[in-house]
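This report describes a structure for a reader who has not met it before. The sequence and the structure are shown first, and the description follows.

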Number of protein chains: 2
Amino acid sequence: MASAENVVVIGKKPVMDYVLAAILLFNEGYDEVIIRGQGSNISKAVDVYNALAHRLQDGVEIVKINIDSIERGRRLIPVIEIIVRRRIA
Amino acid sequence: MASAENVVVIGKKPVMDYVLAAILLFNEGYDEVIIRGQGSNISKAVDVYNALAHRLQDGVEIVKINIDSIERGRRLIPVIEIIVRRRIA
């Protein structure tokens with residue numbers, strides 16, 4: 001699972017905060033941005049992707065979606081990574 | 001988005017119920033099974049996939065993961081479909 005600088009880690013903030021973070025990363029020059037959510041934030045990660053695609057007028061496309069689980073203590077927490085790429089017009 | 005007979009729609013039951021449902025579909029002869037979750041059940045859909053992969057000793061592989069949103073009233077609900085295939089040994 002990725003831990004690079006082009007990762008937007010989904011937490012408790014509103015969806016639009018993460019959409020903005022992703023747009024800023026694209027504007028910094030990253031071709032790809034990874035939207036990463038775990039546990040109950042997974043559905044918000046999908047929300048962020050949908051809002052981003054809507055905001056950029058479908059100017060993004062999905063490269064790959066990874067799902068996995070990570071151990072936290074004795075529990076397994078589900079994780080999603082949505083890798084998106086800016087589509088060149 | 002799919003609505004065929006090989007779809008396991010994730011709801012409020014325990015994860016293992018859906019894992020069992022998926023295994024039963026494979027045993028009925030379906031090559032592929034779709035695990036579908038929406039809204040807050042998206043993370044449970046990922047849980048179900050992880051538990052299924054663990055239970056079948058990696059005897060399944062992901063064909064594709066689709067994410068989208070559906071309208072419910074005025075709200076957009078995020079949706080995930082995890083399409084899995086039984087791996088032939």
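## Relation of the two chains

A turn of 180 degrees with a shift of 0.0 Å along the axis lays chain B on chain A with an RMSD of 0.0 Å, the copies being superposed by least squares on the C-alpha atoms of residues with pLDDT of at least 70 in both. That is the relation of a two-fold axis. The same surface serves both copies, since 100% of the contact residues of chain B recur in chain A; contact means heavy atoms within 4.5 Å.

The model is predicted: local features need pLDDT of at least 70, side-chain atom pairs count only at pLDDT 80 or more, and totals for chains, interfaces and linings use all residues. Residues are numbered from 1 along each chain as its sequence is written, chains are lettered from A and ligands numbered from 1 in the order in which they are written, and side-chain values use heavy atoms, with hydrogens and water left out.

## The interface

Chain B gives 18 residues to the contact, and chain A gives 18 residues. About 1,200 Å² is buried between the chains, and carbon and sulfur atoms give 75% of this area. Buried area is the accessible area (1.4 Å probe) that two parts lose on being put together, summed over both.

One residue in contact with the other chain is N50(B), placed in helix α2 (residues 42-55) of chain B. Helices (H or I, at least four residues) and strands (E, at least two) are DSSP runs, numbered from the N terminus. Leaving aside neighbours within four places in sequence, N50(B) is in contact with D68(A), S69(A) and P78(A). N50(B) has a relative accessible area of 15% and is buried, where buried means under 20%, exposed over 50% and partly exposed in between (1.4 Å probe, protein chains only).

## Core and strands

The largest nonpolar core has 50 residues, and L52(A), I82(A), L52(B) and I82(B) have the most contacts inside it. Such a core is a set of buried Ala, Val, Leu, Ile, Met, Phe, Trp, Tyr and Cys residues joined through side-chain atoms within 4.5 Å. Beyond neighbours within four places in sequence, the contacts of I82(A) include V33(A), Y49(A), I65(A) and, from chain B, I67(B).

I82(A) in β4(A) is also the bridge partner of I65(A). Strand β3 (residues 60-72) and strand β4 (residues 75-86) of chain A run antiparallel and are joined by 12 bridges; two strands pair if DSSP finds at least two bridges between them. Their hairpin has two residues between the strands, and G73(A) takes a positive phi near 65 degrees there.

## Salt bridges

Seven salt bridges are found over all chains, but zero across the interface of chain B and chain A. A salt bridge is a side-chain nitrogen of Lys or Arg within 4 Å of a carboxyl oxygen of Asp or Glu. E61(A) forms one with R87(A), the closest N and O atoms being 3.4 Å apart. E61(A) lies in strand β3 and R87(A) in the segment after β4 of chain A, so the pair ties together parts that are 26 residues apart in sequence. E61(A), R87(A), E32(A) and R85(A) are linked in a network of salt bridges.

In chain B, R36(B) forms a salt bridge with E81(B), with the closest N and O atoms 3.1 Å apart. R36(B) lies in strand β2 (residues 32-38) and E81(B) in strand β4 (residues 75-86) of chain B, so parts 45 residues apart in sequence are tied together. R36(B) counts as buried at 13% relative accessibility, and E81(B) counts as buried at 2%.
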